[in-house]
Amino acid sequence: MSETLALAGQNLLSPIVLAFALGLVAALARSDLTIPEAMAKGLSIYLLFAIGLKGGVEVAATGLNASIGLGLLAGVVLSTTLPLLAYLLLRLLSRLDPVNAAAVAGHYGSISIVTFVAATSLLQSVGVSFEGWLVAVAAVMEAPAILTALWLAGRANNNGNGGMPWREISLNGSIVLLIGAFLIGWAVGPAGMAEVEGFFTIPFKGILCLFLLDMGLVAGRGLRNGARHLRPGLIGFGILMPLVGGLIGAVTGWLIGLSTGGVAILATLSASASYIAVPAAMRVALPQANPAIYLTLALGVTFPFNLAFGITLYLLMARWLTGG
Amino acid sequence: MSETLALAGQNLLSPIVLAFALGLVAALARSDLTIPEAMAKGLSIYLLFAIGLKGGVEVAATGLNASIGLGLLAGVVLSTTLPLLAYLLLRLLSRLDPVNAAAVAGHYGSISIVTFVAATSLLQSVGVSFEGWLVAVAAVMEAPAILTALWLAGRANNNGNGGMPWREISLNGSIVLLIGAFLIGWAVGPAGMAEVEGFFTIPFKGILCLFLLDMGLVAGRGLRNGARHLRPGLIGFGILMPLVGGLIGAVTGWLIGLSTGGVAILATLSASASYIAVPAAMRVALPQANPAIYLTLALGVTFPFNLAFGITLYLLMARWLTGG
Amino acid sequence: MSETLALAGQNLLSPIVLAFALGLVAALARSDLTIPEAMAKGLSIYLLFAIGLKGGVEVAATGLNASIGLGLLAGVVLSTTLPLLAYLLLRLLSRLDPVNAAAVAGHYGSISIVTFVAATSLLQSVGVSFEGWLVAVAAVMEAPAILTALWLAGRANNNGNGGMPWREISLNGSIVLLIGAFLIGWAVGPAGMAEVEGFFTIPFKGILCLFLLDMGLVAGRGLRNGARHLRPGLIGFGILMPLVGGLIGAVTGWLIGLSTGGVAILATLSASASYIAVPAAMRVALPQANPAIYLTLALGVTFPFNLAFGITLYLLMARWLTGG
Amino acid sequence: METHRAKRIEIMIETPALRRVRRALEQAGVRGYSILPVQGGYGRTGSWSGEGEVSIASNMDLVWCIVAEARAEAVVDAVFSVVDRQIGIVTISDCEVVRRDRF
Amino acid sequence: METHRAKRIEIMIETPALRRVRRALEQAGVRGYSILPVQGGYGRTGSWSGEGEVSIASNMDLVWCIVAEARAEAVVDAVFSVVDRQIGIVTISDCEVVRRDRF
Amino acid sequence: METHRAKRIEIMIETPALRRVRRALEQAGVRGYSILPVQGGYGRTGSWSGEGEVSIASNMDLVWCIVAEARAEAVVDAVFSVVDRQIGIVTISDCEVVRRDRF
Ligand SMILES: Nc1ncnc2c1ncn2[C@@H]1O[C@H](COP(=O)(O)O)[C@@H](O)[C@H]1O
Ligand SMILES: Nc1ncnc2c1ncn2[C@@H]1O[C@H](COP(=O)(O)O)[C@@H](O)[C@H]1O
Ligand SMILES: Nc1ncnc2c1ncn2[C@@H]1O[C@H](COP(=O)(O)O)[C@@H](O)[C@H]1O
Ligand code: NA
Ligand code: NA
Ligand code: NA
């Protein structure tokens with residue numbers, strides 16, 4: 001128990017969580033502190049490239065674990081089916097109309113890469129390793145949820161969806177970058193990594209701090225703008241869904257034989273909600289859905305919850321399941 | 001004497017001073033070299049976060065020096081009263097009308113964070129330490145000067161000020177960032193800093209170089225655009241004021257018992273003129289004042305003077321006062 | 001032979017070449033992956049500053065090699081005359097009209113700084129050193145080619161050129177930055193460099209990776225947009241010209257007594273085609289020329305060729321000539 | 001200077017739908033258009049700002065397009081078929097241009 | 001396509017005063033507005049450029065706002081009460097819009 | 001609010017030629033102008049985008065200039081002498097402004 005609290009405390013007092021909190025407080029207090037859009041996009045490109053690279057280098061170093069095929073399959077299945085569960089929970093807990101509920105559900109099937117990074121950072125600081133190829137699983141989990149969401153919305157509403165946003169989904173920049181960097185890391189291996197670790201490893205955690213400061217600012221602004229949509233049922237969903245999703249992800253990871261760290265990561269991916277790829281696809285494919293709802297929920301409720309408490313819980317779940 | 005010259009030479013030949021000079025020369029020669037706005041803002045955010053963090057970590061490591069309360073109070077008093085002195089000097093030395101004089105005066109009560117950084121960089125290269133909490137003093141000195149300036153302008157000119165820019169002042173992004181990062185540094189302490197020093201310490205001085213290149217470009221462009229406003233009396237003010245302000249700051253620092261480095265820093269803060277928070281507040285609160293005057297003076301005259309000579313002098317003052 | 005293949009393989013599997021390939025593939029596949037403009041410009045400023053600085057520091061450390069005067073002269077002569085050769089080849093190989101041929105020719109007399117960086121990175125990884133002042137040669141080679149191109153275009157077309165773009169040429173930002181950083185490096189020497197190498201050396205290669213990712217994206221987009229202009233004769237030119245230019249550069253380097261690494265670098269400079277300074281000057285001075293042609297050729301054909309194969313070949317040429 | 005009457009069509013559109021608007025304009029045969037960035041705004045769904053945003057989901061862009069008067073209606077129809085389902089705004093106004101051959 | 005007459009109000013304003021203009025517009029009851037970045041300019045106080053700037057002090061922004069004809073005057077009045085003391089420029093022009101319900 | 005008729009001149013110009021347009025405007029005696037960034041476009045030479053670009057070669061900018069009606073023609077002439085050889089577009093339209101003294 002006290003170990004659990006120590007772990008939670010260690011996470012809450014990490015520079016990255018505090019940077020997020022600073023951004024959140026600054027935005028809620030209406031400070032004019034802002035991060036330029038180009039810088040935010042640049043930080044995000046850096047993070048995607050760095051974690052893709054590291055995952056690939058890991059695979060080059062340790063060889064492919066037999067479970068990678070299973071892992072990718074599990075990712076696709078989780079991403080496809082979690083929105084169904086999310087939709088159900090939403091309809092039970094809140095009075096959200098079907099189209100908005102479908103749009104929100106899509107976000108929770110997909111993943112948030114910065115939540116993934118925060119989890120890896122926690123694992124690293126407690127000395128738990130994980131399968132490098134889970135980066136590729138993260139990439140395959142980004143998109144399938146969108147299709148489920150559109151199917152749900154189509155059931156509810158026969159007319160007027162924007163057609164399948166195939167192009168928007170399949171060549172989404174963040175997926176391409178993550179997979180591309182993963183392949184590069186795999187090709188160059190540890191020797192190639194050594195050449196570039198002065199940029200992709202040494203400053204990584206500090207750069208992550210600035211990125212989380214930005215996430216805090218954006219989340220805070222979103223909360224201020226979208227607060228009126230956050231009825232209690234929705235907030236409840238925004239906290240319950242990651243817990244349920246995380247548990248399902250953890251069990252799945254344990255069933256396919258992941259390490260303790262791997263189980264925690266798959267739980268984190270399942271628990272996290274997309275704030276890049278899915279909202280953009282929804283804006284085209286489901287223009288009737290209100291972005292203030294899905295963005296506020298994913299970024300203003302679930303992301304902070306996962307960052308502050310969720311990832312610690314998923315690690316505990318993983319330890320408990322694997323006995324690690 | 002020769003030691004003094006060596007110190008001055010060491011400062012003048014540092015990469016950061018030369019980078020500023022390069023920017024200045026390039027802009028004066030009308031080169032099309034420019035730094036994107038988002039990059040300049042990004043560099044500035046990095047610097048504010050990094051120095052806030054370091055100050056806080058220092059406080060966590062060494063404990064709070066008894067004089068912190070005195071130091072904060074001194075900062076508020078200096079920021080509030082230096083504009084009165086500046087206004088007087090301006091009215092004596094130049095024919096600037098009262099409203100413009102008040103606007104300029106406000107800039108000199110506030111501070112320039114990059115001058116602060118340049119001073120800490122000089123201290124570091126000569127191996128002089130200073131109180132980490134002076135970062136917090138820097139933050140509290142940003143705003144009070146604005147109120148004095150508006151009071152001065154109001155005396156001169158009863159009608160038509162824009163009303164107190166409370167929101168603009170109190171939640172100014174750079175103050176929030178500096179204080180926020182300071183608190184984070186305090187909370188995480190040296191252990192937390194170790195995690196992120198690959199970004200906030202190792203590349204710090206090089207990033208400062210690029211930022212000073214940008215400052216040089218902006219200052220040079222400002223000089224080209226505002227040169228016609230720079231009558232000799234104004235230029236005289238732009239050099240005399242930092243000397244007087246620096247001396248007052250140094251004596252204050254010595255009176256409240258700061259270390260040699262601390263005295264040099266408080267002198268630097270007093271001597272420096274704001275180029276971020278104050279001009280923006282003036283644009284709203286004193287729209288009649290001409291930005292070309294206050295920006296050119298703060299950025300085109302006083303900043304280069306402080307960078308090239310001032311900070312060396314303030315260190316000498318500090319040594320002389322403290323016998324350090 | 002097998003050593004040659006090993007060298008080629010080592011280059012092709014370096015993280016920077018693979019990052020370029022990723023960008024190229026992503027853009028050709030119409031992914032929406034993009035790098036913000038401010039970030040791309042920022043990366044470019046960083047690279048120019050870092051390599052200028054390193055060159056200057058090198059000169060400070062090793063003293064001026066006697067051949068620097070010859071080297072600068074050779075640079076000017078190469079930049080002035082290579083466009084004549086390029087024009088001839090173009091008129092022979094393709095049916096490009098004189099004005100467009102002149103515009104393209106200008107690009108090949110000038111240089112691409114990122115090709116230079118890629119070459120230095122290859123040299124470094126095989127442990128071959130080169131004269132630091134070649135950075136200054138790179139700078140002087142940027143502009144003269146523009147004048148030759150305008151002279152060629154003027155011969156072909158008496159009316160309506162935009163007049164000499166003197167300002168655009170002489171104070172071009174990238175030249176100013178390169179020379180300025182070189183002078184700073186020279187002034188501060190290795191001791192000054194030590195202060196800033198946490199930014200200008202340690203993360204250099206990783207930052208170069210992101211820059212090449214961006215170059216790949218831009219090149220790929222250019223190819224998609226400009227492909228219809230790329231008749232076989234033009235593509236042939238885009239590959240033949242760097243080979244011929246590289247050979248001429250290599251022989252020149254050997255004649256003026258450069259080291260093996262120096263010969264490879266001068267060959268690379270001669271072989272590379274400008275994609276920053278020259279296109280902007282052409283847009284003003286030769287507005288009749290079609291940018292889609294010269295940009296696609298320089299960035300979409302010659303740059304990738306040099307990156308993937310050219311620089312390896314120029315190093316082999318250099319070894320063969322100097323017996324190094 | 002002789003000038004010619006033309007129409008300026010300005011379309012404020014969500015960035016995720018920009019690609020579709022561009023395709024519609026190109027298929028409608030416009031000779032050119034330009035895209036201006038928008039950095040924030042306010043509407044029925046509240047305020048948004050591009051600052052700090054990694055996602056383009058809440059961003060808008062302004063498409064600025066000069067067309068000959070005769071084509072204007074066809075272009076607006078084509079664009080509107082895309083914009084209809086989005087929240088975009090299509091405005092048309094008169095202007096004079098210097099060179100007729102460009103539109 | 002049926003179109004409706006509306007007014008396009010464009011306000012060029014110093015960035016530090018933007019917050020006040022936004023508030024004025026919202027209080028005047030506009031249905032929406034958008035903000036376009038401005039990167040430089042020239043006026044009585046000389047030239048400015050946003051490039052390399054850390055401070056927003058010399059920056060300007062363009063507020064782009066489509067309003068129904070009937071509301072235009074009230075909106076302009078409201079905005080002008082803020083802009084009056086600033087150096088901002090308020091322009092009004094005619095346009096046609098496709099969907100009336102949005103303005 | 002009393003308003004005054006004025007002209008809005010908008011010039012879409014290649015960034016490398018912007019310096020020349022600015023000089024022409026200043027020499028023609030305009031009281032002010034502003035420059036808006038353009039992030040991409042489409043024309044006879046194909047599509048372009050500023051994203052990822054290090055070179056300004058394929059970039060465009062929009063110059064936005066409010067002038068008194070009486071000066072408009074002289075300003076357009078002056079600008080056109082520069083723009084003529086470039087691919088730029090010059091448009092003129094009517095607007096109302098609130099303060100006459102500024103133009
Ligand atoms: N009347 C308008 N004038 C200018 N921009 C508008 C207007 N209405 C909406 N917008 C823009 O469109 C975005 C979305 O509008 P809405 O869907 O009403 O929230 C707003 O945030 C503005 O950027
Ligand atoms: N007539 C005008 N047309 C367009 N923009 C203008 C005009 N006058 C002023 N501006 C803008 O407002 C800024 C400040 O104007 P000023 O106060 O006259 O220096 C200028 O730098 C321009 O960006
Ligand atoms: N009719 C137009 N309306 C708006 N922008 C245009 C128009 N024609 C050209 N442009 C802009 O000018 C650029 C160059 O045009 P072009 O020379 O026709 O390729 C285009 O990419 C657009 O950004
Ligand atoms: Na998920
Ligand atoms: Na001061
Ligand atoms: Na060349």
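These legends go with a set of close-up views of one predicted model.

Being a prediction, the model needs pLDDT of at least 70 for local features and 80 or more for side-chain atom pairs, while totals for chains, interfaces and linings use all residues. Residues are numbered from 1 along each chain as its sequence is written, chains are lettered from A and ligands numbered from 1 in the order in which they are written, and side-chain values use heavy atoms, with hydrogens and water left out.

**View 1. Chains A and C about their rotation axis.** Turn chain A by 120 degrees, with 0.0 Å of shift along the axis, and it superposes on chain C at an RMSD of 0.0 Å. That is how a three-fold axis relates its copies. The fit is by least squares on the C-alpha atoms of residues with pLDDT of at least 70 in both copies. Within chain A, the residue that comes closest to the rotation axis is Ala38(A), with its C-alpha at 3.6 Å. Only 9% of the interface residues of chain A are also interface residues in chain C, so the copies meet through different surfaces.

**View 2. The sodium ion (ligand 4) in chain A.** Five backbone-labelled O donors are listed here: Tyr108(A), Ser110(A), Leu269(A), Ser270(A) and Ser272(A), at 2.4 to 2.8 Å. Read "backbone-labelled" simply as the atom name O given for each donor. Donors are N, O and S atoms within 2.8 Å of the metal (3.2 Å for Na, K and Ca), and water is not among the atoms, so sites may look incomplete. Along the chain, the donor spacing is Y-x1-S-x158-L-S-x1-S. Ser110(A) sits in the loop between α5 (98-109) and α6 (113-125) of chain A, and Ser270(A) in helix α13 (residues 260-271), so this pair ties together parts that are 160 residues apart in sequence. Helices (H or I, at least four residues) and strands (E, at least two) are DSSP runs, numbered from the N terminus. Ser110(A) is buried at a relative accessible area of 0%, and Ser270(A) is buried at 2%. Buried means under 20% relative accessible area, exposed over 50%, and partly exposed in between (1.4 Å probe, protein chains only).

**View 3. The sodium ions in chains B and C.** For ligand 5, the protein donors are the O atoms of Tyr108(B), Ser110(B), Leu269(B), Ser270(B) and Ser272(B), lying 2.4 to 2.9 Å from the ion. Their sequence spacing reads Y-x1-S-x158-L-S-x1-S. Tyr108(B) is buried, with a relative accessible area of 1%, and Ser110(B) counts as buried at 0%. Over in chain C, ligand 6 has the O atoms of Tyr108(C), Ser110(C), Leu269(C), Ser270(C) and Ser272(C) as protein donors, 2.4 to 2.9 Å away. Ser270(C) is buried at 2% relative accessibility, and Ser272(C) is buried at 1%.

**View 4. Helix α10 of chain C and its bend.** This helix covers residues 173-200, 28 residues in total, yet its end C-alpha atoms are only 19 Å apart. A straight helix would reach 40 Å at 1.5 Å a residue; the expected span is 1.5 Å times one less than the number of residues. Where does α10(C) bend? The bend is at Gly189(C), by about 105 degrees, and Pro190(C) follows within four residues. The angle is taken between axes fitted to the seven residues ending at that residue and the seven starting there.

**View 5. Phe200(B) in the largest nonpolar core.** A nonpolar core is a set of buried Ala, Val, Leu, Ile, Met, Phe, Trp, Tyr and Cys residues joined through side-chain atoms within 4.5 Å. The largest one holds 392 residues, and those touching the most other members are Phe49(A), Phe200(A), Phe49(B), Phe200(B), Phe49(C) and Phe200(C). Leaving aside residues up to four places away in sequence, Phe200(B) touches Gly206(A), Cys209(A) and Leu210(A), along with Tyr46(B), Phe49(B), Ala50(B), Leu53(B), Lys54(B) and Met193(B). Contact here means heavy atoms within 4.5 Å. A second, separate core has 37 residues, including Cys95(E), Val38(F), Leu62(F) and Ile89(F).

**View 6. Two buried helix residues, Ala139(C) and Thr296(A).** Ala139(C) belongs to helix α7 (residues 134-141) of chain C and is buried at a relative accessible area of 4%. Its contacts, not counting residues up to four places away in sequence, are Ile175(C), Leu178(C) and Ile179(C). Thr296(A) is found in helix α15 (residues 291-322) of chain A, where Thr296(A) counts as buried at 4% relative accessibility. With the sequence neighbours up to four places away left out, Thr296(A) touches residues including Gly222(A), Leu223(A), Gly226(A) and Leu230(A).

**View 7. Chain D on its own.** Chain D has 2 helices and 6 strands, running β-α-β-β-β-β-α-β along the sequence. Its C-alpha trace spans about 45 × 30 × 20 Å along the principal axes. Of the 103 residues in chain D, 66% are buried.
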